Protein chains: 2
Amino acid sequence: MKITSSTEYATRLIVNLGRTFGAAAVSTEKLSESENVPADYVNQLLLRLKRAGLVQSHRGSGGGYSLSRSPEKITLGEVLRAVEGTIFEDVCGKYNDGRKDCHHQGHCGISPVWQKLAALIEQYFDSITLAHLMEEKAGSCGKVEAMLGRIPQ
Amino acid sequence: MKITSSTEYATRLIVNLGRTFGAAAVSTEKLSESENVPADYVNQLLLRLKRAGLVQSHRGSGGGYSLSRSPEKITLGEVLRAVEGTIFEDVCGKYNDGRKDCHHQGHCGISPVWQKLAALIEQYFDSITLAHLMEEKAGSCGKVEAMLGRIPQ
DNA sequence: AACATACTTGACTATTTTAGTCAAGTATCG
DNA sequence: CGATACTTGACTAAAATAGTCAAGTATGTT
Ligand code: FES
Ligand code: FES
């Protein structure tokens, strides 16, 4: 799974934008200062969020970024896929030049575990919205039960 | 989360040992050949598994490694912690020289999400035994429901 | 005892990934 | 027109990963 500085920063940045949703756009320099992330890095990350359609940009003086949807309609999963590409990369076949050298191919007991983990993680991230993240009390970090029904056994 | 080549290899190696549980020990060279992992790397990984008490070594000719417990009593979580140290590293405070520069410290909506994810993943890995991994049919990769009861909301 | 087998230890290196930087743009507002 | 601020893509330093190497030590067999 890819949890890098981009993950951490992008999450903080978009939550920051969520706080001023409906109000004026925020410049990357302001974001850089308030979230303590290098300015050029902020640019890079917000550009990816923009390309994924999660935020809008407004050029020129007084411009900046703003959410393109309300915080309830943006999930953490979308944010992470936007900045990292894919959240959980396949484990089997990643090493040994891509060929699966497992002896029990087709009915292997290991690979389903990685696949299910991937599903578990994706579903978890998709169950969490920006609105959840903006709540300033701990404990509301996704309803795990609700999400479980959708994981294939 | 740390899912590296060590993770992948160590899992395959210990499953391999599981298959001959009760029979003779298997040399690292044999393991290297049958699992297609560099011999010196196999040595390194099995040594870590040994230090964690999951496998036993037998020196001298005819020696090798064998499980030190039955496959039902070894979990994937134990294996991963043995080879990687910690499975999921803290996200908050990992960047920005260790200080949490979140504006809503103490009641932040983001950090509980990483913490819960970590718990989710650890519980999942701990719910899977070597015996599960050895079953050569897909689909028996841990009972997610059972594991959920133990995750703090 | 000698010898081959096979684990043990720890340092070392090449490769890849991550984190962050830089420069040269383009569009918009006032 | 000029300042503000996004846009693009390449570039670099630092860290992590993947794998190697060499010099051991212990054990079973002959
Ligand atoms: S297919 Fe990857 S370990 Fe079996
Ligand atoms: S404490 Fe890390 S983002 Fe709030």
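Which phosphate oxygen lies 2.9 Å from a polar side-chain atom of A:S57? That oxygen belongs to DNA strand D. The model is predicted, and strand D is a good place to start reading it.

Around DNA strand D there are 29 residues. The closest come from both chains: A:T28, A:K50, A:Y65, B:T4 and B:R59. Of the strand D atoms that come within 4 Å of the protein, sugar and phosphate account for 78%. Two side chains of chain A illustrate the phosphate contacts. A:K50 places a polar side-chain atom 2.6 Å from a phosphate oxygen of strand D. A:S57 does so at 2.9 Å. A base is reached as well. Here the protein partner is a backbone N or O atom of A:S61, which lies 3.5 Å from a base oxygen of strand D.

Which elements build this surface? Chain A supplies at least two residues from each of α3 (39-51), β1 (55-58) and β2 (64-67). Chain B does the same from α1 (5-19) and α3 (39-51). The largest share, five residues, comes from α3(A). By residue class, the surface near strand D holds seven nonpolar, 16 polar and six charged residues.

Now turn to DNA strand C. It is surrounded by 29 residues, and the closest are A:T4, A:R59, B:T28, B:K50 and B:Y65. Sugar or phosphate makes up 79% of the strand C atoms within 4 Å of the protein, and bases make up the rest. Three residues of chain A show how the contacts are made. A:S5 uses its backbone: an N or O atom there lies 3.0 Å from a phosphate oxygen of strand C. A:Y9 uses its side chain, with an N or O atom 3.4 Å from a phosphate oxygen of strand C. A:R59 goes to a sugar or linking oxygen instead, with a polar side-chain atom at 3.0 Å.

The elements near strand C also come from both chains. From chain A, α1 (5-19) and α3 each give at least two residues. From chain B, α3, β1 (55-58) and β2 (64-67) each do so. The largest share is five residues, from α3(B). The surface near strand C divides into seven nonpolar, 16 polar and six charged residues.

Next, look inside the protein. The largest nonpolar core has 86 residues. Those touching the most other members are A:M1, A:I121, A:F125, B:M1, B:I121 and B:F125. Take B:M1 as an example. Leaving out residues up to four places away in sequence, B:M1 touches A:M1, A:F88, A:L117 and A:I121 in chain A. Within chain B, it touches B:I87, B:F88, B:I121 and B:F125.

A charged residue is worth a stop too. A:R12 sits in helix α1 of chain A. Is A:R12 buried or exposed? A:R12 counts as buried because its relative accessible area is 6%. Its side chain has polar partners. One is the side chain of A:E8, in a polar contact at 2.6 Å. Another is the backbone oxygen of A:E35, 2.6 Å from a polar atom of the A:R12 side chain.

Finally, the cysteines. How many disulfides does a search of the whole structure find? The search finds zero over all chains. A:C92 counts as buried because its relative accessibility is 19%, under the 20% limit. B:C92 is likewise buried, at 18%.

Note on methods
Residues numbered from 1 in each chain as written. Chains lettered and ligands numbered in written order. Predicted model: local features only at pLDDT ≥ 70, side-chain atom pairs only at ≥ 80, totals over all residues. Heavy atoms only, no water. Near = heavy atom within 4 Å. Polar contact = N/O pair within 3.5 Å; in protein donor to acceptor, adjacent residues only side chain to side chain. Helix = DSSP H or I, 4+ residues; strand = E, 2+ residues; numbered from the N terminus. Nonpolar A, V, L, I, M, F, W, Y, C, P; charged D, E, K, R; others polar. Core = buried A, V, L, I, M, F, W, Y, C linked by side-chain atoms within 4.5 Å. Buried < 20%, exposed > 50% of the residue type's maximum accessible area, 1.4 Å probe, protein only. Contact = heavy atoms within 4.5 Å. Disulfide = S-S within 2.5 Å.
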